[in-house]
Amino acid sequence: MTDRRVFLRNSALAMVGAGAAPLWLQRALYATDAPSPRKKILVAIFQRGAADGLNIVVPHAEKRYYELRPTIAVPRPSAATDRREDAAIDLDGFFGLHPSLAPLKPVWDGGHLAIVHAAGSPDPTRSHFDAQDFMESGTPGLKATADGWMNRALPRAAGRISPVRAVAMGAVLPRAMRGPQPAVAVQNLGDFQVRNADAANAFATLYADTKDPLLGAAGRETFAAVSLLQSIQKQRYEPAAGANYPKGRFGDCLRQIAQLIKADVGVEMAFADVGGWDHHVNEVGARASQGQLAARLTDFGQALSAFWLDLGDRMRDVALVTMSEFGRTARENGDRGTDHGHANCMFVMGGGIRGGKVYGKWPGLEREQLYEARDLNLTTDFRDVLGELVGGQLGNRDLSKVFPGYAPSPRGILGGIQA
Amino acid sequence: MQRNKPILAAFVALSMCLLTGISAYGKKKSTEPSAQFRQPLSGEEKVQHALSRLTFGPRPGDVQYVKKLGLKKWIDLQLHPERIPENPLLETKLRPLDSLHMSTAQLIRNYPSPQIVRAMVAGELPFPDDPDKRMMIHRLVERFQGKTGQDGEAAAMPDLAALLDASQLRAFRTGTPQQKLALFTALPHDRQDQVLTAMGQGMRMQLYAAAPQALRRRIQSAAGPQAMVAQDLLEAKLDRAVYSNRQLQEVLADFWYNHFNVFLEKGPDHYLVTAYERDAIRPHVLGKFEDLLRATAQSPAMLFYLDNWESVGAQSPAGKRRQRGLNENYGRELLELHTLGVDGGYTQKDVTEVARCFTGWTIRQPQRAAEFEFNPRMHDEGEKTVLGVRIPAGGGIGDGFKVLHLVAHHPSTARFISRQLAMRFVADDPPASLLDRMSATFLKKDGDLRAVLKTMFDSPEFWSCGAYRSKMKSPLEMVASSVRALNADVDFTFGLNNQLVQLGQPLYRKAEPTGYSNSGQEWLNSAGLLARMNFSMALANNKVPGVKVENVNPTDGVALGSPDFQRK
């Protein structure tokens with residue numbers, strides 16, 4: 001055992017047990033102070049794998065849509081005499097929601113859900129990896145961008161900074177949140193801690209004192225967030241009445257984001273992703289309400305609807321926006337699926353949203369109207385939507401820094417506030 | 001107690017190298033990166049560095065061993081794993097994992113899914129030859145028939161209380177694992193299987209931990225035989241990472257599987273990954289890139305994962321009859337992820353043309369035997385042009401081989417593969433000078449991967465401050481290096497595999513064709529750091545099921561979770 005003691009003496013571990021928590025850790029005890037003023041919150045959802053926007057928000061008045069997709073189209077709302085649950089849910093006479101998104105219809109009817117169609121990234125890539133990277137960096141076509149749009153979008157903070165201003169649900173920090181401003185990844189709120197208390201102190205000291213710049217910074221952010229979230233972990237979370245989060249990872253993520261928001265710990269932006277949208281084969285089952293896409297949308301719609309109900313009045317402060325790296329081919333492929341395409345649809349949900357409306361110019365689906373004669377054309381740059389939210393919702397008006405090289409033009413999705 | 005000191009204390013050794021990686025977000029760059037890659041390492045650092053990059057982390061005694069043998073000679077040996085006698089302990093651990101040696105057809109028969117069991121009952125498929133496995137399947141059949149008898153109700157699981165008397169039941173619930181095992185083995189063989197089926201997962205795990213090897217296989221298959229296939233894969237992967245003497249070969253097997261990633265959970269891929277890793281990946285990791293590429297392209301695992309098996313020429317007989325058509329998925333990922341890289345100079349048109357070339361590359365009986373097959377009735381026989389090269393009409397299966405040959409020798413591929421290797425072995429952002437030399441070797445030596453590695457290991461950039469301790473360990477590297485550093489004994493690996501899920505790197509379960517990033521920065525975040533700290537403490541305190549550390553010491557846990565140990 002001698003050698004181990006030698007090792008201890010010689011190492012930074014000798015600091016362990018020195019006693020008081022480091023000063024930065026004490027300073028980070030933010031939540032126990034006076035509660036912060038309620039901040040506006042932006043929640044971003046990434047549908048990884050390129051969701052099929054044309055089957056999610058269906059242009060049911062387009063004859064061409066049904067010609068391009070003879071076996072996988074979602075039937076017109078009018079076709080729904082016998083099997084209503086298998087037809088599109090009409091929104092405005094032209095577009096309809098996929099039937100599995102029925103839980104979102106009340107939010108739409110209440111005017112709190114907006115849809116932007118034919119939106120996305122102008123970059124022509126059909127690579128999942130590149131397109132996700134571009135959408136998360138916020139700089140389509142530019143690979144050298146080191147940080148993500150959400151990190152840059154964090155407003156300059158006045159006074160104390162919550163260590164959980166920016167939270168991503170998951171085991172890795174998404175590209176969108178990476179950058180110089182602190183952002184934390186949380187896999188599971190209940191387990192966000194070092195379980196052994198003595199070790200927790202030892203680790204906190206080690207990471208505070210290390211000369212390793214990257215690990216030191218990440219460690220300090222982590223322990224600040226851990227101490228802040230400790231109070232939340234002690235209570236069992238009960239979603240508000242009527243809010244039923246679906247079982248599974250995405251529902252868990254949204255439930256925990258709602259929990260964080262309601263706990264008033266200073267969250268200003270949150271991120272969650274949901275995979276499984278890359279349906280090259282058998283996208284649709286025997287009926288529109290069956291099969292892979294329907295299963296993903298059932299989970300997706302229920303989770304968003306539960307989030308809406310759970311937050312209730314608090315949704316006044318929240319805007320949730322969804323995106324996916326690109327859309328899918330307008331025409332179905334040879335395997336009752338779709339291949340990688342171009343423009344897609346985005347959802348924006350929140351108390352301050354001017355919803356009940358499909359935004360964006362519809363480009364049409366005729367051959368000459370399609371992008372590269374195969375995909376839905378793009379009429380709204382995703383940065384227009386995100387820019388409006390960053391400016392109007394988060395109050396960060398310096399959009400040229402958030403989306404360098406691009407001047408987002410707001411579409412009036414946010415009610416009352418002009419970005 | 002010599003064991004920990006050289007491993008863990010090494011990280012507080014003074015170094016002339018400054019820690020790098022500050023420049024990540026365009027903040028102050030204290031030193032030019034190129035200068036960092038010119039600053040050489042001390043002799044001591046070189047040994048540490050080589051061990052941290054060519055292995056899954058040093059074990060006690062490794063530093064001394066390499067010094068004694070000579071660094072050059074040790075690297076040369078690692079590049080020729082066939083000259084290194086394998087660790088007998090590893091061979092003992094791998095021996096019971098019989099699924100690893102089976103053909104796909106054998107796997108499907110011996111570890112059947114419910115559909116296959118049904119086919120056996122219907123007489124469409126023979127039962128397994130092995131009496132134990134046959135017995136197990138007969139039991140499944142009984143359950144299956146019980147299930148269908150009840151009008152589609154949930155399976156009638158036997159109740160433990162109906163199988164054991166009150167005192168047995170009490171002992172089973174509250175006894176020590178050894179008592180449980182004694183009680184269990186005293187039961188008649190027949191009753192044992194029923195009890196296994198009736199047990200909850202937790203109780204089964206306890207029994208498993210105490211059980212001898214032969215019984216373990218039975219306990220595992222009680223939860224469903226098809227799960228064994230994945231369990232054997234996971235078991236073998238971690239056993240090899242921890243115990244193999246041919247460490248570089250195992251690092252490379254991990255690298256190349258990840259490069260040609262296949263997701264284990266995509267339908268039949270559950271049964272296809274075993275042969276894929278064994279026959280397509282592992283034999284070629286130090287061979288020619290084109291051989292590796294061809295093996296992956298013709299593997300049922302990849303054909304299924306990237307949908308090529310269903311891709312049909314629109315004008316082919318099958319396309320006309322079945323109204324099926326082209327699927328671009330494989331064609332695109334072949335160019336973007338496997339060979340040229342996304343900036344490798346191809347167009348959407350090239351993707352479509354490549355997909356046309358591979359029509360007819362399909363799988364015979366994907367659910368039963370799953371063998372590669374070229375089906376001319378699905379093939380697009382027209383002329384194609386790929387990357388400016390004309391591929392004449394009527395080429396049949398040769399179209400695909402032409403494409404593979406073309407991209408395997410393309411300068412963009414040489415560059416892309418060199419960059420991926422250098423990201424794994426040298427630095428997250430490897431210097432261009434190194435990539436130039438590696439690419440040149442790749443092109444000159446016909447894609448000889450051993451030669452490319454040799455160029456990398458001979459380069460001054462590899463032995464520089466820019467590389468030294470610049471990378472963050474991946475979760476797999478973190479877990480394996482911790483076990484190795486403590487010289488822990490791994491009895492079974494599902495405890496470690498669960499930890500890998502917590503750390504964000506479930507093995508064989510990366511759904512996207514990109515695989516996991518080769519950049520260490522990917523893993524730097526709060527959730528991951530906490531998971532690493534918790535894993536470290538659990539491991540050092542003998543709280544990871546299946547792993548035993550001899551002398552429990554919490555300070556080891558703190559060392560393993562420290563910032564230093566996250567670097568390699």
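**Exercise 1. State into which domains chain B is divided, and how far apart their centres lie.**

Chain B is divided into domain 1 (98-228) and domain 2 (472-568), with bounds that come from an automatic or database domain assignment. The C-alpha centres of domain 1 of chain B and domain 2 of chain B lie 31 Å apart. This is a predicted model, in which local features need pLDDT of at least 70 and side-chain atom pairs count only at pLDDT 80 or more, while totals for chains, interfaces and linings use all residues. Residues are numbered from 1 along each chain as its sequence is written, and chains are lettered from A and ligands numbered from 1 in the order in which they are written.

**Exercise 2. Find the strands at the edges of the open sheet β2-β4-β3 (chain A).**

Strands are DSSP runs (E, at least two residues), numbered from the N terminus, and two of them pair if DSSP finds at least two bridges between them. The open sheet has three strands in the order β2-β4-β3 (chain A), with antiparallel pairing. β2 (57-58) and β3 (89-90) of chain A each have a single partner strand and therefore stand at the edges, one side of each being left without a neighbour in the sheet. Between β2(A) and β4(A) (residues 96-97) there are two bridges, and Val58(A) has Gly96(A) as its bridge partner.

**Exercise 3. Describe how β5(A) pairs with β10(A) and with β11(A).**

With β10(A) (residues 344-350), β5(A) pairs in the antiparallel sense over five bridges, and here Leu113(A) stands opposite Met349(A). With β11(A) (residues 357-359), β5(A) pairs in the parallel sense over three bridges, where Ile115(A) has Val358(A) as its bridge partner.

Methods. Helix = DSSP H or I, 4+ residues; strand = E, 2+ residues; numbered from the N terminus.
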